[in-house]
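Me: I am new to this structure and would like a close look at one part, set in its surroundings. Please take me through it slowly, starting from the question below.

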Amino acid sequence: MLFLLMQIGRGRYALETSRVVEILPLLATDEVAGAPRAIAGTFNYRGMFIPAIDMSELVLGRPAARRLSTRIVVVRRPPDSGSPEFVGLIAECATETMRCGEGAFTSDGVRGADADWFGPVANTSSGPLRRVNVDRLLSAAFSRSRSPEDA
């Protein structure tokens with residue numbers, strides 16, 4: 001499997017590339033009034049406005065650093081999740097990929113109720129690498145951001 005590597009704080013994370021549609025440079029987003037802090041805003045992606053979730057804000061409570069290596073990773077949502085079809089993930093150091101087998105990731109026994117999108121860990125030559133479950137991440141981010149009219 002091919003994974004996109006990214007950083008959140010000092011931690012290294014892997015995102016399965018089968019969900020990745022496109023990797024964009026960090027674009028300006030339009031703020032959405034009343035949205036949770038992790039929703040950085042929306043941006044125009046090929047004629048559609050789609051939300052951008054700031055991974056650093058979601059996990060660390062601070063926005064992603066504005067660097068050349070900070071990217072917006074456009075991922076496809078599951079078909080039954082409703083609109084929008086695409087979501088942007090703002091991720092630091094999202095410039096490398098790595099190929100490894102499914103079996104390289106093993107459970108470390110750590111589970112957080114607020115962060116169940118972080119999955120098993122692989123031991124790599126560069127240190128631990130935690131897998132991100134995109135479906136759980138998007139579910140958590142959007143369930144926190146639902147407005148009363150969406151209910």
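How many bridges join β6 to β7, and do the two strands run parallel or antiparallel?

Reply: The model you are looking at is predicted, and the mean pLDDT of its chain is 85, with 85% of the residues reaching 70 or more. Over residues 145-151, however, the pLDDT is below 50, and in the model this stretch has 2 contacts beyond its near neighbours in sequence.

To your question: β6 and β7 are joined by 6 bridges, and the two strands run antiparallel. Strand β6, which covers residues 71-76, also pairs with β3, residues 20-25, again in the antiparallel sense and over 5 bridges. Arg71 shows both pairings in one place, since its bridge partner in β7 is Ala91, while Arg71 is itself the partner in β6 of Pro25.

Just before this strand comes Thr70, which sits in the loop between α1 and β6. Thr70 counts as buried because its relative accessible area is 1%, under the 20% limit. Leaving aside residues within four places in sequence, Thr70 is in contact with Pro25 and Leu26, with Ala64 and Ala65, and with Ile90, Ala91, Glu92 and Cys93. Two of those contacts, Pro25 and Ala91, have already appeared here, Pro25 as a bridge partner of Arg71 and Ala91 as another. With Ala65 there is also a polar approach, in which a polar atom of the Thr70 side chain lies 2.6 Å from the backbone oxygen of Ala65.

Glu92, another contact of Thr70, leads to a salt bridge, for its side chain meets that of Arg62 at 3.0 Å, N to O. Arg62 lies in the loop between α1 and β6 and Glu92 in strand β7, so this pair ties together parts that are 30 residues apart in sequence. The two partners differ in their exposure: Glu92 is buried, with a relative accessible area of 4%, whereas Arg62, at 33%, counts as partly exposed.

The strands also take part in the nonpolar interior. The largest nonpolar core has 24 residues, and those touching the most other members are Leu15, Ile53, Val73, Val75 and Leu89. At least two residues of this core come from each of β1 (2-8), β2 (11-16), α1 (55-60), β6, β7 (86-99) and α2 (134-144), and α2 gives the most, with 5 residues. A second core, separate from that one, has 10 residues, including Tyr45, Ile50, Ile72 and Phe86.

Leu89 is a useful residue to follow by eye, since beyond four places in sequence it touches Leu15, Ile53, Met55, Arg71, Ile72, Val73, Val75, Leu137 and Leu138. Among these, Arg71 is the residue whose bridge partners were given above as Ala91 and Pro25, and Ile72 is a member of the second core.

From here it is worth stepping out to the other charged pairs. Side chains of opposite charge can pair when their charged atoms come close. A search of the whole structure finds 7 salt bridges. One of them joins the side chains of Arg19 and Asp135, at 2.6 Å from N to O, and it links distant parts of the chain, with Arg19 in the loop between β2 and β3 and Asp135 in helix α2, 116 residues apart. Arg19 counts as buried at 19% relative accessibility, while Asp135 is partly exposed, with a relative accessible area of 36%.

Another salt bridge brings together the side chains of Glu57 and Arg37, at 3.1 Å from N to O. Glu57 lies in helix α1 and Arg37 in the loop between β3 and β4 (39-45), so parts that are 20 residues apart in sequence are tied together. Here Glu57 counts as buried, at 11% relative accessibility, and Arg37 as exposed, at 61%.

Finally, beyond the part you asked about, Gly101 lies in the loop between β7 and β8 (105-106). Gly101 is partly exposed, with a relative accessible area of 39%. Although Gly101 and Leu2 are 99 residues apart in sequence, their C-alpha atoms are 8.5 Å apart in space.

Terms used. Residues are numbered from 1 along each chain as its sequence is written. This is a predicted model: local features need pLDDT of at least 70, side-chain atom pairs count only at pLDDT 80 or more; totals for chains, interfaces and linings use all residues. Side-chain values use heavy atoms; hydrogens and water are left out. A nonpolar core is a set of buried Ala, Val, Leu, Ile, Met, Phe, Trp, Tyr and Cys residues joined through side-chain atoms within 4.5 Å. Buried means under 20% relative accessible area, exposed over 50%, partly exposed in between (1.4 Å probe, protein chains only). Helices (H or I, at least four residues) and strands (E, at least two) are DSSP runs, numbered from the N terminus. Contact means heavy atoms within 4.5 Å. A polar contact is a pair of N or O atoms within 3.5 Å; within protein, one must be able to donate a hydrogen and the other to accept it, and residues adjacent in sequence count only if both atoms are side-chain atoms. pLDDT is the predictor's confidence in each residue, from 0 to 100. Two strands pair if DSSP finds at least two bridges between them. A salt bridge is a side-chain nitrogen of Lys or Arg within 4 Å of a carboxyl oxygen of Asp or Glu.
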